[in-house]
Amino acid sequence: QVRGLCGTFTGDQRDEFTTPEGDVEPGVAAFANAFRAAGACPALGPGIPDPCHGFPGSRERAEAACAVLMGPAFQ
């Protein structure tokens, strides 16, 4: 009964990218664009943008956070 940006939770990954119209998109960009409000933001291209390019300094913070998660406390 669940559908949308969070997926369908059916255990079948082939239907995870189901659009509001009921189509199944093969890629992330086309799927995300199906939920985009017209004019609200630019459409995604075929490649996924690197989030670190839009947020300088984020890579270092993300790597530090990942180091904690991958460290001995969570093994």
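1. Throughout this note, a residue is called buried when its relative accessible area is under 20%, exposed when over 50%, and partly exposed in between, as computed with a 1.4 Å probe and protein chains only. By that rule F74 is exposed, because its relative accessible area is 55%, and its place is in the segment after α3 (58–70).

2. The model is a predicted one, in which local features need pLDDT of at least 70 and side-chain atom pairs count only at pLDDT 80 or more, while totals for chains, interfaces and linings use all residues. Residues are numbered from 1 along each chain as its sequence is written, and side-chain values use heavy atoms, with hydrogens and water left out.

3. The protein chain holds three helices and zero strands, and its elements run α-α-α from the N terminus on; helices (H or I, at least four residues) and strands (E, at least two) are DSSP runs, numbered from the N terminus. Of the 75 residues in the chain, 12% are buried. Taking contacts (heavy atoms within 4.5 Å) between residues at least 6 apart in sequence, 8% join residues at least 24 apart.

4. About 6000 Å² of the protein chain is exposed, and carbon and sulfur atoms supply 62% of that area; accessible areas come from the Shrake-Rupley method with a 1.4 Å probe, and for residues only the protein chains shown count as cover. On this surface V68, L69, M70 and F74 form a nonpolar patch, with about 470 Å² of accessible area together. Patches are made of residues with over 30% relative accessible area and no salt bridge (a side-chain nitrogen of Lys or Arg within 4 Å of a carboxyl oxygen of Asp or Glu), where nonpolar side chains (Val, Leu, Ile, Met, Phe, Trp, Tyr) are joined within 5 Å and like charges within 9 Å.

5. A search of the whole structure finds two aromatic pairs. The first to consider is F17 with F31, whose ring centres lie 4.9 Å apart with planes at 25°, so the pair is stacked. This pair links distant parts of the chain, since F17 lies in the segment before α1 and F31 in helix α1, 14 residues apart. The rings of F31 and F35 have centres 5.2 Å apart and planes at 70°, so that pair is edge-to-face. Rings of Phe, Tyr and Trp (its six-membered ring) pair if their centres lie within 6.5 Å, and planes under 30 degrees apart count as stacked, over 60 as edge-to-face and the rest as tilted.

6. F17, F31 and F35 form one aromatic cluster. Within it, F31 is buried, at 5% relative accessible area, whereas F17 is partly exposed at 26% and F35 is partly exposed at 31%.
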